[in-house]
Amino acid sequence: MQERKHTTKYLLPVAFAMILVIVLAFGVLFMRNSLMKLTIEERSNQLEEMVTQIQANLDSSLHTHWNLVEGLNNAAQGQHFENIQKLCDHIALLEKVFCTDMYGSRVMFLDAQGTGYLSDGSVGIWLDVSHLIDGNNRHTFVSETDNIDGSFLVFSRELDAPITVGAENARFTHVVLLKDIQTVKQYYTTKIYGGKAATYIIKNNGTLAYFDADNDDVIGARNIYKALREVEYLQEQSFDTVKEQLDKNGIAAANILLNQNEYYYCLTALDDYDMTLMLLIPADSVAVSTMNMMDSTIWTLTIFISVIALLMLLAFFSLIQVQRSSQMVKLEQETNKELNRLRMEAESANAAKSIFLNNMSHDIRTPMNAIIGFTNIALKHDPKPEIRSCLDKISDSSEHLLALINDVLDISRIESGKIKYVPTPVDIVEVSDSVLTIMYGYLSDRDITFQTEIAEPQKRYVLADAVRVREVLVNILGNAVKFTNDGGTITYTVSFHPGKDENYINVRYRIADTGIGMAEEFVDHIFDEFSQEEHGARTQYQGTGLGMAITKRYVELMGGAISVVSKKGVGSTFTVELPMEITEASVVKKKDYAVGNIDLTGLKILLAEDNDLNAEIAIVQLEELGIQITRASDGDEAVRFFAENPQGTFDLILMDVMMPKLNGYEATKAIRSMQNRPDAVFIPVIAMTANAFAEDVQASLDAGMNGHLSKPIVMDEVIKTIARNLNR
């Protein structure tokens, strides 16, 4: 009886532990199934967000090209040419004026019989003319013709007034912009899925219009809809339900088995262009971080449960043995001590995980695509001032959050090997100078002294990746501005030194500031990912802590080295050394304008500037060069001055952007659209504005401007820009 009772003492704790393990195991399985459902939703949502962004990019590109087509219509309609050669010469002139080579495009005119003419002559009857007979004024489609080499996205518009040619007045009725489909690739290709994503542009009848991917087409069918209807669907879906969702919401995603492999695809309708965009991605490439986190969580819970079960079993045995000896009491105490230590470690790990997840949620998991897209759309519709103020604040916050996301994406792309070092022939002095414009934009509202010391090398033409060099320098200079208080100083030094042999030089960039500096123990970790010296730095200075990590990766990618010396409260000095191969000046495609050789005396400029102080500064500096200035105090006045004065009154227009009545973009478009002024199309219009970012430069070009100058203005850049646009 005693032995039976003794055995029961051992069986009860063992049975209890086994039951606990089983219950916890079922709990883990239940949690795993729940996490899998959440992961599937996450994958679909992520794919839909990515496709929505691609759609927005593609729509923006297509909108820009329609603006170009409208400009071509305005510039060409109603004209008469003596012969076909004159017409072709005019096409070449239009391509030069509208810079169509920048867009990867060519201009074509169609006569009433459907014959196409490019700048180099006739291409015969254009086989795609069948797309234009439905009576609509505008058409967009992917070209299927063999008349012209290449594959094109076509933008066709019927001329408001036909062009006539020759004594017989042969009529030309349509202007066509042929955009190389390869140049559209940047708007719909995504690299964040390790190059495994495939993009399909599909006609409304389901047939494939264009395919792009790093690998072969896994669908391999002419009719994509028919192929999708025949594959196996997961998650209780079918092509009919996906198509129904696409028709209802304009976007739909599905999980399928294709060739024994699991994929996700997402469809989004391009209603304005009678096409559908599809992104196809292997399932193991979607939401990879989420899957890794889920697997890590499951494994952690499994190990934790096993440890807890084992510790509970030991605890039960200890309680039984405590009555037998003091040694068992000691064992129980040690076990409890170990249990407490493990508990504290688990709590510490859980706290660290919580901080990490909170930071990630705060900085990244934000619907950035919707915020940026709708804010830009709203700003383009000239909202009321109070609404514009709110939208501007949203836009500022969005750009900051986008910068955080871009840092994370850059690290991911570097680690996956998607960013390559591609050196091209450049003028290294020009590259080193090019960051100054961006730097002046950073300093526009700061009281910081900025000093430059840029040497003149014996060999200035080299092979280098100008984009990466600029990004490294802008990143370091941006941090210098961020961490330097008003009243401080930043010094930017560029020097040149012998390379490993006579064919190479070493370019040394030194950026020193008198900012807050860093503690010595933190300097060793400045290039680590997510590194920030103080916990409060996230709130005060903002950022992911990835900037210096990305900078170091870029420098190493280019074969260089980066170092830093810093002292708390004194400042920091970053030194970057980049080896570059010397090349010949003849292979560098550029125009070099030396300020000292440029004579602008007698030049007549219309200056549109609403701020009296800015206008006074510009007038004084420009008149010192012998330039005659006529000032307009707003965009409406600038348009009126141009319209009321005869052709030749002004050689060039300097246009502020943010002005009352009409802003700079609107004023430029109004001037470009003047039908009775031939010079309205050709007169150079240069933006001179405090909006110094890349999107502002693009907006100026989209509005019909020829260049962009950032405030505060640098007269050397002003002179060079004026000279380039007047070929002086």
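What follows is a walk through the fold of this protein, starting with the overall make-up and moving on to its sheets, cores and a few individual residues. The model is predicted. The protein has 20 helices and 25 strands. Of its 728 residues, 42% are buried. Long-range contacts feature heavily in the count: among contacts with a separation of 6 or more, 63% are between residues 24 or more positions apart.

One place to begin is an open sheet of six strands, ordered 9-8-13-12-11-10 and paired antiparallel. Its edges are strand 9 (208-212) and strand 10 (232-233), each of which pairs on one side only. Within this sheet, strand 11 (residues 251-258) and strand 12 (residues 261-270) run antiparallel and are joined over eight bridges. Isoleucine 256 has its bridge partner in strand 12, namely tyrosine 263. A helix goes with this sheet too: helix 5 (residues 239-249) lies across strand 10, strand 11, strand 12 and strand 13 (275-282). Helix 5 runs at about 160 degrees to strand 11.

Further along the chain comes a hairpin, made by strand 17 and strand 18 with five residues between them. Strand 17 (residues 489-498) pairs with strand 18 (residues 504-513) in the antiparallel sense, over nine bridges. Here histidine 497 stands opposite asparagine 506 of strand 18. Strand 18 is also joined to strand 20 (residues 571-582), again antiparallel, by 10 bridges. On that side, asparagine 506 has proline 579 of strand 20 as its bridge partner. Asparagine 506 thus has a partner in the hairpin, histidine 497, and another in strand 20, proline 579.

Some residues of these strands turn up again in the nonpolar interior. The largest nonpolar core holds 45 residues, and the members that touch the most others are Ile428, Ile490, Tyr492, Tyr509 and Met580. Helix 11 (residues 466-482) gives the most to this core, contributing nine residues. As for isoleucine 428, leaving out residues up to four places away in sequence, its contacts are Pro457, Arg460, Val462, Phe496, Val507, Tyr509 and Met580. Another core, of 33 residues, lies apart from this one and includes Trp66, Leu87, Val142 and Val175.

The next sheet is built with parallel pairing. Five strands make up this open sheet, in the order 22-21-23-24-25. Strand 22 (628-632) and strand 25 (707-710) sit at the edges, each pairing on one side only. On average, neighbouring strands here are turned by 25 degrees against each other, direction ignored. Strand 23 (residues 652-655) and strand 24 (residues 685-689) pair in the parallel sense over three bridges, and leucine 654 finds its bridge partner in isoleucine 686 of strand 24. Helix 15 (residues 612-623) lies across strand 21 (604-608), strand 22, strand 23 and strand 24, and runs at about 165 degrees to strand 22.

A pair of helices comes from this stretch of the chain as well. Helix 16 (residues 635-644) packs with helix 17 (residues 664-672) at an angle of about 20 degrees, and their axes are 8 Å apart. Helix 16 is therefore roughly parallel to helix 17, since angles under 35 degrees count that way. The crossing of helix 16 past helix 17 is right-handed. Gly635, Val639 and Phe642 of helix 16 make the contact with Ala667, Ala670 and Ile671 of helix 17.

Two residues in this part of the protein deserve a closer look. Aspartate 656 lies in the loop between strand 23 and helix 17. Its relative accessibility is 5%, so aspartate 656 counts as buried, the cut-off being under 20%. Aspartate 656 and threonine 689 are 33 residues apart along the chain, but their C-alpha atoms are separated by 5.3 Å. Serine 700, for its part, belongs to helix 19 (residues 694-702). Serine 700 has a relative accessibility of 1% and therefore counts as buried too. Residues up to four places away in sequence aside, serine 700 touches Tyr665, Ala687, Met705, Gly707 and His708.

Terms used
Residues are numbered from 1 along each chain as its sequence is written. This is a predicted model: local features need pLDDT of at least 70, side-chain atom pairs count only at pLDDT 80 or more; totals for chains, interfaces and linings use all residues. Side-chain values use heavy atoms; hydrogens and water are left out. Two strands pair if DSSP finds at least two bridges between them. Helices (H or I, at least four residues) and strands (E, at least two) are DSSP runs, numbered from the N terminus. Axes are lines fitted to C-alpha atoms, for helices over the stretch in contact, and angles run from 0 to 180 degrees between N-to-C directions. Contact means heavy atoms within 4.5 Å. A nonpolar core is a set of buried Ala, Val, Leu, Ile, Met, Phe, Trp, Tyr and Cys residues joined through side-chain atoms within 4.5 Å. Buried means under 20% relative accessible area, exposed over 50%, partly exposed in between (1.4 Å probe, protein chains only). Angles under 35 degrees count as roughly parallel, over 145 as roughly antiparallel, 65 to 115 as roughly perpendicular and the rest as oblique. A crossing is left-handed if the near helix is turned anticlockwise from the far one by less than a right angle, and right-handed if clockwise.
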